[in-house]
Amino acid sequence: MTMPRLALLASPADEARAALALLEARHGAITPEDADVIVALGGDGFMLQTLHRHGALGKPVYGMKLGTVGFLMNQYKAEDDLLARINAAEPAVLHPLEMLAQTESGATVGSLAYNEVSLLRQTRQAAHVGIELNGELRLDELICDGVMLATPAGSTAYNFSAHGPILPLGANVMALTPIAPFRPRRWRGAVLKSGTEVRFRVRDPHKRPVSATADSHEVRDVTEVLVRESRDRSVTLLFDPEHNLEERILIEQFTA
């Protein structure tokens with residue numbers, strides 16, 4: 001792919017919009033549907049937004065950091081040959097999580113998460129959540145502020161802030177991590193095989209309401225949430241060889 005067609009997308013930030021204008025002058029304006037590679041200009045939030053909007057196209061995505069956080073992005077260098085960087089980039093294939101949430105009103109809401117699916121208490125009342133793995137009850141009642149299931153790519157984000165483990169890319173595992181657990185007192189979560197089907201059941205949802213969020217898509221007043229790794233959806237991120245995603249995940253584990 002020596003001359004890939006690039007679809008250039010930018011966050012609303014001024015710096016990202018300026019870079020977009022510069023790169024469109026060089027490479028033209030092409031829609032994601034007609035492109036070979038999607039280039040996302042912004043931070044990690046904009047990268048996740050790009051994956052949610054255009055991931056179904058199956059086009060590789062090359063991000064450049066023009067935002068606050070850029071763990072999923074490459075460095076932006078205006079003077080570099082962008083096509084040469086993309087041709088030399090290394091791929092990282094990510095499998096999102098599928099969330100299927102049931103609400104008190106009887107609605108069923110589905111969504112994808114490339115970082116994590118999290119359940120959080122909506123009021124001052126602690127959440128009471130039961131956890132089943134592949135249909136078998138493993139924890140009858142977790143009393144907590146919340147609980148999440150994270151992918152390896154997302155394990156360095158919210159999951160890590162909640163003292164969950166950082167997961168190597170390609171390890172085919174997920175992190176099940178509690179958020180401020182009260183009971184069981186010393187339960188620190190679990191590392192699960194990527195094929196595990198996790199079902200969260202909210203105890204007493206009327207008195208102790210809980211929301212479920214897949215990346216940035218929030219569903220309020222859930223009663224039950226089923227999460228599993230998607231079997232038929234994947235996205236490919238492209239990274240500069242000297243700072244690929246696997247290396248970044250390793251660096252996070254050796255940084256104070």
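A salt bridge, as the term is used here, is a side-chain nitrogen of Lys or Arg within 4 Å of a carboxyl oxygen of Asp or Glu. With that cut-off in mind, one pair in this predicted model deserves an early look: glutamate 132 forms a salt bridge with arginine 199, and the closest N and O atoms of the two are 4.0 Å apart. The partners come from distant parts of the chain, since glutamate 132 belongs to strand β9 (residues 127-133) and arginine 199 to strand β14 (residues 198-202), 67 residues apart.

Glutamate 132 has a further partner, for its side chain also meets that of arginine 201 in a salt bridge of 2.6 Å, N to O. Arginine 201 lies in strand β14 and glutamate 132 in strand β9, so this pair ties together parts of the chain that are 69 residues apart in sequence. Salt bridges with shared partners extend the arrangement, joining Glu132, Arg199, Arg201 and Glu224 into one network. The two ends of the 2.6 Å pair differ in their surroundings: glutamate 132 is buried, with a relative accessible area of 14%, whereas arginine 201 is partly exposed, at 28%.

The network can now be placed within the fold as a whole. The protein chain has five helices and 18 strands, and its radius of gyration of 19 Å is close to the 18 Å that the globule rule gives for 256 residues, so the chain is as compact as a globular protein of that length. Along its principal axes, the C-alpha trace spans about 60 × 40 × 30 Å. Of the 256 residues, 50% count as buried, and among contacts with a separation of 6 or more, residues 24 or more positions apart account for 68%.

Strand β14, which holds arginine 201, pairs with β17 in the antiparallel sense over four bridges, and phenylalanine 200 stands opposite valine 225 in β17. Strand β17 (residues 222-229) is also joined to strand β6 (residues 97-103), again in an antiparallel arrangement, by seven bridges; in this pairing leucine 100 has leucine 226 as its bridge partner.

Phenylalanine 200 and valine 225 appear again in the nonpolar interior. In soluble globular proteins, nonpolar side chains tend to be buried together. Here the largest nonpolar core has 28 residues, of which Val117, Leu119, Ile131, Phe200 and Val225 touch the most other members. Strand β9 supplies the largest share of this core, four residues. Isoleucine 131 shows what such a position involves: leaving out residues up to four places away in sequence, isoleucine 131 touches Glu136, Leu137, Arg138, Leu139, Leu142, Val147, Leu176, Trp187, Val198, Arg199 and Phe200. Arg199 in that list is also a member of the salt-bridge network.

Apart from this core lies another, of 24 residues, among them Ala35, Leu48, Leu72 and Phe239. Leu48 leads to helix α2 (residues 44-54), whose buried residues are Asp44, Phe46, Met47, Leu48, Thr50, Leu51 and His54. These buried residues pack against four strands, β1 (6-10), β2 (37-42), β3 (61-65) and β18.

One of the buried residues of α2 carries a charge and raises a question: which side chain of opposite charge is nearest to aspartate 44? That side chain is arginine 248, but it is 6.5 Å away, and aspartate 44 is buried yet has no salt bridge; the distance lies outside the cut-off, because a salt bridge requires nitrogen and oxygen within 4 Å. Leaving aside neighbours within four places in sequence, aspartate 44 is in contact with Val69, Gly70, Phe71, Leu72 and Met73.

Aspartate 240 offers a contrasting case, for its side chain meets that of arginine 85 in a salt bridge of 2.6 Å, N to O. Here too the link joins distant parts of the chain, with aspartate 240 in the loop between β18 (235-239) and α5 (245-253) and arginine 85 in helix α3 (residues 82-88), 155 residues apart. Both partners are buried, aspartate 240 with a relative accessible area of 7% and arginine 85 at 11%. The search of the whole structure that includes such pairs finds 13 salt bridges.

The surface is represented by alanine 29, in the loop between α1 (14-27) and β2. Alanine 29 is exposed, with a relative accessible area of 68%, and its C-alpha atom is separated by 9.4 Å from that of arginine 5, 24 residues apart along the chain.

Key:
Residues are numbered from 1 along each chain as its sequence is written. This is a predicted model: local features need pLDDT of at least 70, side-chain atom pairs count only at pLDDT 80 or more; totals for chains, interfaces and linings use all residues. Side-chain values use heavy atoms; hydrogens and water are left out. Helices (H or I, at least four residues) and strands (E, at least two) are DSSP runs, numbered from the N terminus. Buried means under 20% relative accessible area, exposed over 50%, partly exposed in between (1.4 Å probe, protein chains only). Contact means heavy atoms within 4.5 Å. Two strands pair if DSSP finds at least two bridges between them. Lys and Arg count as positive and Asp and Glu as negative; His and the chain ends are not counted. A nonpolar core is a set of buried Ala, Val, Leu, Ile, Met, Phe, Trp, Tyr and Cys residues joined through side-chain atoms within 4.5 Å. The radius of gyration is taken over C-alpha atoms; the globule rule is 2.2 Å times the number of residues to the power 0.38.
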